[in-house]
Amino acid sequence: LNECRAALLDNGEILDYLMDRFRESNENHPSVGNIYKGRVLRVLPGMQAAFVDIGLERAAFLHVSDITKPKRADDENEDTSPPNIRELVHEGEEIPVQIVKNPLGEKGARLTMFITLSSRYLVLLTKDDKVGVSTYIKDEREREHLRQFLEELLVEFPYGIIARTAAEGATNDVLRADMKFLQELWVAVQKKHEEGKEKTLIYEDLSLSTRVLRDLVTNDVKRIRVDSEEEFNVMKCFSNTFLPETEPILELYAKHQPIFDLHGVESEIKKALSRNISLKSGGHVIFEQTEAMTTVDVNTGSYVGH
């Protein structure tokens with residue numbers, strides 16, 4: 001397996017950690033955000049779900065809630081339960097789907113038909129008409145300005161729109177151009193679905209290294225250190241084309257000491273992902289992850305109370 005990892009640090013403290021694993025020989029490795037032209041294998045009304053073949057080792061899972069949203073009740077007497085899944089998809093049907101959760105263990109990927117496309121500043125919601133603003137944007141005046149402008153954009157673009165954190169301070173012209181790009185991208189994805197073969201990848205999201213530039217880099221980021229010359233060149237090319245303001249802070253790390261060890265990231269990751277977490281009180285918490293759920297067991301340990 002190949003592995004690409006990224007960590008966002010603030011004064012040595014990890015704020016975000018991303019990882020992507022894939023086989024070098026498998027170009028079509030599943031990744032959240034990828035869009036496929038799938039074929040419905042089975043429809044199970046008892047589970048209100050369908051299994052979809054998207055060309056991976058295991059069939060992927062599609063729940064009825066990821067096909068259509070329940071009706072909103074105007075009064076308490078209206079039935080808000082979702083329709084029977086057999087009314088929405090049928091076996092053998094070809095449908096566009098997006099991965100929202102990668103395969104785990106013996107479980108296949110989790111899919112949705114509520115496809116979204118992301119850019120630097122915006123997220124396009126292909127099956128919605130709502131407007132949203134990232135909760136990380138705290139300035140109320142900026143939030144109101146973004147919300148009003150996005151509502152104006154709905155007149156030009158019949159899709160839902162969410163302003164990402166990076167949209168704070170962006171001009172209206174930049175946001176409109178970003179939305180136009182997303183609309184053209186969605187048209188291209190739809191065309192590829194219509195013309196492409198079933199069980200094939202029709203849109204692949206950016207690689208992890210370029211997603212870092214698109215999603216994590218803000219004005220507060222002072223330096224981006226990369227220990228792979230190959231990924232550094234990919235990121236530099238991406239910066240030149242789309243985010244020229246990030247190029248000056250890109251730096252190739254070529255020393256022998258692993259970069260995550262240098263900044264203490266490796267030890268922090270091991271601590272964060274440990275099965276047993278010790279608490280200052282003397283107690284401890286145990287995490288157990290399975291295919292179906294994650295259980296949390298709280299133990300008093302040496303803590304005897306007051």
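Which residues of H3 are buried? In this predicted model, the buried residues of H3 are Leu208, Ser209, Thr210, Arg211, Val212, Leu213, Arg214 and Leu216. Because eight of the nine residues of H3 are buried, the helix is largely enclosed by the rest of the structure. Asp215, which also belongs to helix H3 (residues 208–216), counts as partly exposed because its relative accessibility is 29%, above the 20% limit for burial.

Confidence in the prediction was examined along the chain. The mean pLDDT of the chain is 87, and 92% of its residues reach 70 or more. Among the secondary-structure elements, strand E4 (residues 49–53) has the highest confidence, with a mean of 95, whereas the lowest, a mean of 82, is found in strand E2 (residues 13–22).

The largest nonpolar core comprises 28 residues, of which Leu122, Leu175 and Met179 touch the most other members. At least two residues of this core are supplied by each of strand E9 (122–125), strand E10 (131–133), helix H1 (140–156), strand E11 (160–163), helix H2 (172–195) and strand E12 (200–203). H2 provides the largest share, six residues. A second, separate core contains 19 residues, including Val43, Ile54, Val89 and Met113.

Helix H2 was considered further in view of its contribution to the largest core. The helix has 24 residues and spans 35 Å between its first and last C-alpha atoms, close to the 34 Å expected at 1.5 Å a residue. Its buried residues are Leu175, Asp178, Met179, Leu182, Leu185, Trp186, Val189 and His193. An α-helix has 3.6 residues a turn, so residues three or four places apart point the same way. Within H2, both Leu175 and Met179 are buried, and these two residues are also among the core members with the most contacts to other members. When neighbours within four places in sequence are left aside, Met179 is in contact with Leu122, Leu124, Leu153, Phe157, Tyr159, Gly160 and Ile161. One of these partners, Leu122, is likewise among the core members that touch the most others.

Salt bridges were then assessed, and the count comes to 15. In one of them, the side chains of Glu266 and Arg5 meet at an N to O distance of 2.8 Å. This pair links distant parts of the chain, with Glu266 in helix H6 (residues 265–272) and Arg5 in strand E1 (residues 2–10), 261 residues apart. Arg5 is partly exposed, having a relative accessible area of 28%.

Asp215 of H3 forms a salt bridge with Arg164, in which the closest N and O atoms are 2.7 Å apart. Arg164 lies in the loop between E11 and H2, so that the pair joins distant parts of the chain, 51 residues apart. Arg164 counts as buried because its relative accessibility is 19%, under the 20% limit.

A further salt bridge is formed by Glu251 and Arg223, whose closest N and O atoms are 3.9 Å apart. Glu251 is located in strand E14 (residues 250–252) and Arg223 in the loop between H3 and strand E13 (224–226), 28 residues away in the chain. Both partners are partly exposed, Glu251 at 26% relative accessibility and Arg223 at 47%. Salt bridges that share partners also join Arg164, Asp205, Arg214 and Asp215 into one network. Within this network, Arg214 is one of the buried residues of H3.

Terms used
Residues are numbered from 1 along each chain as its sequence is written. This is a predicted model: local features need pLDDT of at least 70, side-chain atom pairs count only at pLDDT 80 or more; totals for chains, interfaces and linings use all residues. Side-chain values use heavy atoms; hydrogens and water are left out. A nonpolar core is a set of buried Ala, Val, Leu, Ile, Met, Phe, Trp, Tyr and Cys residues joined through side-chain atoms within 4.5 Å. Buried means under 20% relative accessible area, exposed over 50%, partly exposed in between (1.4 Å probe, protein chains only). Helices (H or I, at least four residues) and strands (E, at least two) are DSSP runs, numbered from the N terminus. Contact means heavy atoms within 4.5 Å. pLDDT is the predictor's confidence in each residue, from 0 to 100. The expected span of a helix is 1.5 Å times one less than its number of residues. A salt bridge is a side-chain nitrogen of Lys or Arg within 4 Å of a carboxyl oxygen of Asp or Glu.
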